[in-house]
Amino acid sequence: AVEGAFSALGGKVVLHETFNPTETDFKALLLKLRPRNELLVYLAVYPTEGALLLKQARELGLANRMLASVAIIGGADFFNLVGDAAEGLLI
């Protein structure tokens, strides 16, 4: 739904990735972003996975701007796990 709406508004989706809900290591997925250096990355994730994604993105030195739905901050788990790696996240 987000991808279609974005494209309909003239946006260009250059990478669409999915992962297993039990995944905890997102480094291989995140490294696909490095050569692209896209302006914005949309994260359709829940709190635990979102926190891990953001922490690992920071560890890898990725500078991509991250955007997520409010579902990412759906509980204390997100804030307990993410720390300052959520700085700059757009909700």
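The following exchange examines the helices, strands, core and salt bridges of a predicted model.

Colleague: On what conventions do the values rest, and from which number does each chain count its residues?
Modeller: The model is predicted, so local features need pLDDT of at least 70 and side-chain atom pairs count only at pLDDT 80 or more, while totals for chains, interfaces and linings use all residues. Side-chain values use heavy atoms, with hydrogens and water left out, and residues are numbered along each chain, as its sequence is written, from 1.

Colleague: What distance separates the end C-alpha atoms of helix α3, and what span is expected?
Modeller: Helices (H or I, at least four residues) and strands (E, at least two) are DSSP runs, numbered from the N terminus. Helix α3 covers residues 47-59, which is 13 residues. The expected span is 1.5 Å times one less than the number of residues. For α3 this gives 18 Å, and the end C-alpha atoms agree with it, being apart by 18 Å.

Colleague: Against which elements do the buried residues of α3 pack?
Modeller: Buried means under 20% relative accessible area, exposed over 50%, and partly exposed in between (1.4 Å probe, protein chains only). In α3 the buried residues are P47, E49, G50, A51, L52, L53, L54, Q56 and A57. With contact taken as heavy atoms within 4.5 Å, these buried residues pack against α2 (27-31), β1 (40-43), β2 (65-68) and α4.

Colleague: Which side chain of opposite charge is nearest to the buried E49, and how far away is that side chain?
Modeller: E49 lies in helix α3 and is in contact with F19, P21, E23 and F26, leaving aside neighbours within four places in sequence. Lys and Arg count as positive and Asp and Glu as negative, whereas His and the chain ends are not counted. A salt bridge requires a side-chain nitrogen of Lys or Arg within 4 Å of a carboxyl oxygen of Asp or Glu. E49 has no salt bridge, and the nearest side chain of opposite charge, 14 Å away, is that of K55.

Colleague: Which element gives the largest share of the largest nonpolar core?
Modeller: A nonpolar core is a set of buried Ala, Val, Leu, Ile, Met, Phe, Trp, Tyr and Cys residues joined through side-chain atoms within 4.5 Å. The largest one has 20 residues, of which L43, L54 and F78 touch the most other members. Two or more residues come from each of β1, α3, β2 and α4. The largest share, five residues, is given by α3.

Colleague: Is L89 buried or exposed, and at what relative accessible area?
Modeller: L89 is found in the segment after α4 (76-82). Beyond its neighbours within four places in sequence, L89 is in contact with L54, M66, L67, A68, I72 and F78. F78 in turn touches P47, G50, A51, L54, I72, I73, A86 and L89, residues up to four places away not being counted. L89 is buried, its relative accessible area being 16%.

Colleague: In which sense do β1 and β2 pair, and over how many bridges?
Modeller: Two strands pair if DSSP finds at least two bridges between them. L43 has A68 as its bridge partner in β2, and L40 stands opposite R65. The sense is parallel, and the number of bridges is four.

Colleague: Which residues of β1 and β2 point to the buried face?
Modeller: In a regular strand the side chains alternate between the two faces of the sheet. In β1, L40 and Y42 point to one face and are not buried, while V41 and L43 point to the other and are buried. In β2, R65 and L67 are not buried, whereas the buried residues, pointing to the other face, are M66 and A68.

Colleague: How many salt bridges does the structure hold?
Modeller: K32 pairs with E17, their closest N and O atoms being 3.2 Å apart; K32 lies in the loop between α2 and β1 and E17 in the loop between α1 (2-8) and α2, so this pair ties together parts 15 residues apart in sequence. E59 and K27 meet at 3.7 Å, N to O, and because E59 lies in helix α3 and K27 in helix α2, the parts tied together are 32 residues apart in sequence. R58 and D84 have their closest N and O atoms 3.5 Å apart, and here helix α3 is tied to the segment after α4. The number of salt bridges is three.
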